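Biologist: I am new to this structure and would love a close look at one part of it. Could you pick a single buried spot, take me through its surroundings, and then lead me outward from there?

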Amino acid sequence: MLLFLSAVAVGLVLLVFSADAFIDGAVGIATKYHVPKILIGTLIIGVGTSAPEMVVSALSALAGSPGIALGNAYGSNIVNITLVLGITALIAPIVIQKDALKADFPWLIGVTALTVILMIDGHLGRLDAIILLMVLLANIATQIHLTKTHTKAITENSLPTTHKEIEPKEDNELPSPDEIHIGKSLIGLIIGLVVMIASSRLVVWGSVELARLWGLSDLIIGLTIVAIGTSLPELVSSVIAARRDEFDLAFGNVLGSNIFNTLAVVGIAAAIEPMAVNAEILNRDILVMSALTIALFLLSVLALKGNGKIGRGVGIGFITCFIGYSVWLVISATA
């Protein structure tokens, strides 16, 4: 047991430092190429920090544990909204971007509905997996198109660098694109991502072994310990981004990660090994995930009509939802 506890502790420490390097690299690349940070958060950080979910679910499918594979994906989505956004909002109010409502939320709501349709027959086969992965490719293509369009508009409307006077920047202000070393940013991004994946795997391994010692089912392990463990990159990245006032990165991180979890994580697992869908997943977990997704959308719309921020009160509400859902899982497990 001491070995498993040590693995969790070491993994958490590595996660903090790797997420810091990862955020530095992502922000540097976004600044260098005039890419909107909301898209960096959705595409690069959102997809990159979902890599642990993808690896764990794929390995679980190969090992014949569909409960861990599906529970990991949907449990992570629930954790992202309730715990990641909740804790981020407690640190500082999250600024809601109109781009997220127009571009990301329709995708997230749409793929959530698609998941329900594909799983309602109680089975996920390879045809279902192909559908999910094709929709993922369409989403990535759309994000790339939006990025290119935005970059082109910035380039056409900006003055040449030689005509700009470079002023001293404040401590919390991003450097100008000319001051960014792209090689250093890429190295930080890649190393940070690799260490995040490895350290997350270490945390999950130690946590799963501890859970098995305590006699929990695969589905409960996937929805709780594995889901929280593989969501640690999103949590750490979002918290660090929020502390640096990069709220659009934090928000885009969660939206992009949930889209990727729903499409890629489940799609890859089902492509490797078709699986039966436990009725509990539809009646409890996907229901909770769908309700939280709609609630987040409505709260974002209301925020834009007000001060444009999700405040600490909403953050406390999300964390309360996480606690309530966890209690529900414990009751289900004991029953």
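Modeller: Let's begin at T293, whose side chain reaches the backbone oxygen of M289 at 2.9 Å. Please keep in mind that this is a predicted model. T293 lies in helix 11, which covers residues 279–305. Is T293 buried or exposed? Its relative accessibility is 3%, and because buried means under 20%, T293 counts as buried. Leaving out residues up to four places away in sequence, T293 touches I81, F105, L108, I109 and T112.

M289, the residue whose backbone oxygen T293 reaches, also leads us to another place. It is one of the residues touched by N77, along with S257, N258, N261 and T262, again not counting residues up to four places away in sequence. N77 lies in helix 4 (residues 66–91). With a relative accessibility of 2%, N77 counts as buried too. You can also follow N77 across the chain: its C-alpha atom is 8.7 Å from that of I259, although their positions lie 182 residues apart in sequence numbering.

Now stay with buried polar side chains and look at S57, which sits in helix 3 (residues 51–62). S57 counts as buried because its relative accessibility is 0%. What does the side chain of S57 make a polar contact with? One partner is the side chain of N72, at 3.1 Å. A polar atom of the S57 side chain also lies 3.0 Å from the backbone oxygen of A69. Both A69 and N72 appear among the residues that S57 touches, together with A73, V265 and A269, when residues up to four places away in sequence are not counted.

From here we can turn to the nonpolar side chains. In soluble globular proteins, nonpolar side chains tend to be buried together. In this model the largest nonpolar core has 69 residues. Which residues have the most contacts inside it? They are L70, Y74, M119, L124, F251, I281 and L296. Helix 10 (residues 247–272) gives the largest share of this core, with twelve residues. A second, separate core has seven residues, including V56, I68, V208 and V226.

I281 makes a good example of how the large core is knit together in contacts: leaving aside neighbours within four places in sequence, I281 is in contact with L70, Y74, M119, L219, I286 and L287.

Helix 10 is also the place of A270. The relative accessibility of A270 is 0%, so A270 counts as buried. Apart from its neighbours within four places in sequence, A270 is in contact with L124, G125, R126, A129 and M275. The C-alpha atoms of A270 and I130 are separated by 8.9 Å, while the two residues are 140 apart along the chain.

For a contrast in burial, try E209 in helix 7 (residues 182–213). E209 counts as partly exposed because its relative accessibility is 23%. E209 and I221 are twelve residues apart in sequence, and their C-alpha atoms are 9.9 Å apart in space.

Next comes the empty space inside the model. Rolling a probe the size of a water molecule over the atoms shows where empty space is left. How many cavities of 30 Å³ or more are there? The count comes to two. The second largest cavity holds about 40 Å³ of space. Its lining is made of V79, L223, T224, I228, F322, Y325, S326 and L329. Of these lining residues, six are nonpolar, two are polar and none is charged. Helix 8 (218–230) and helix 12 (312–334) each supply at least two residues of that lining, and helix 12 gives the most, with four.

Finally, here is the whole protein as a setting for these places. The protein has twelve helices and four strands. Of its 335 residues, 50% are buried. Among contacts with a separation of 6 or more, 87% are between residues 24 or more positions apart.

Note on methods: Residues numbered from 1 in each chain as written. Predicted model: local features only at pLDDT ≥ 70, side-chain atom pairs only at ≥ 80, totals over all residues. Heavy atoms only, no water. Buried < 20%, exposed > 50% of the residue type's maximum accessible area, 1.4 Å probe, protein only. Polar contact = N/O pair within 3.5 Å; in protein donor to acceptor, adjacent residues only side chain to side chain. Contact = heavy atoms within 4.5 Å. Core = buried A, V, L, I, M, F, W, Y, C linked by side-chain atoms within 4.5 Å. 1 Å grid on protein atoms, 1.4 Å probe; cavity = no way out; pocket = protein on both sides within 12 Å on 5 of 7 lines; lining within 4 Å. Points joined across faces, edges and corners; volume = space filled by probe spheres on them. Nonpolar A, V, L, I, M, F, W, Y, C, P; charged D, E, K, R; others polar.
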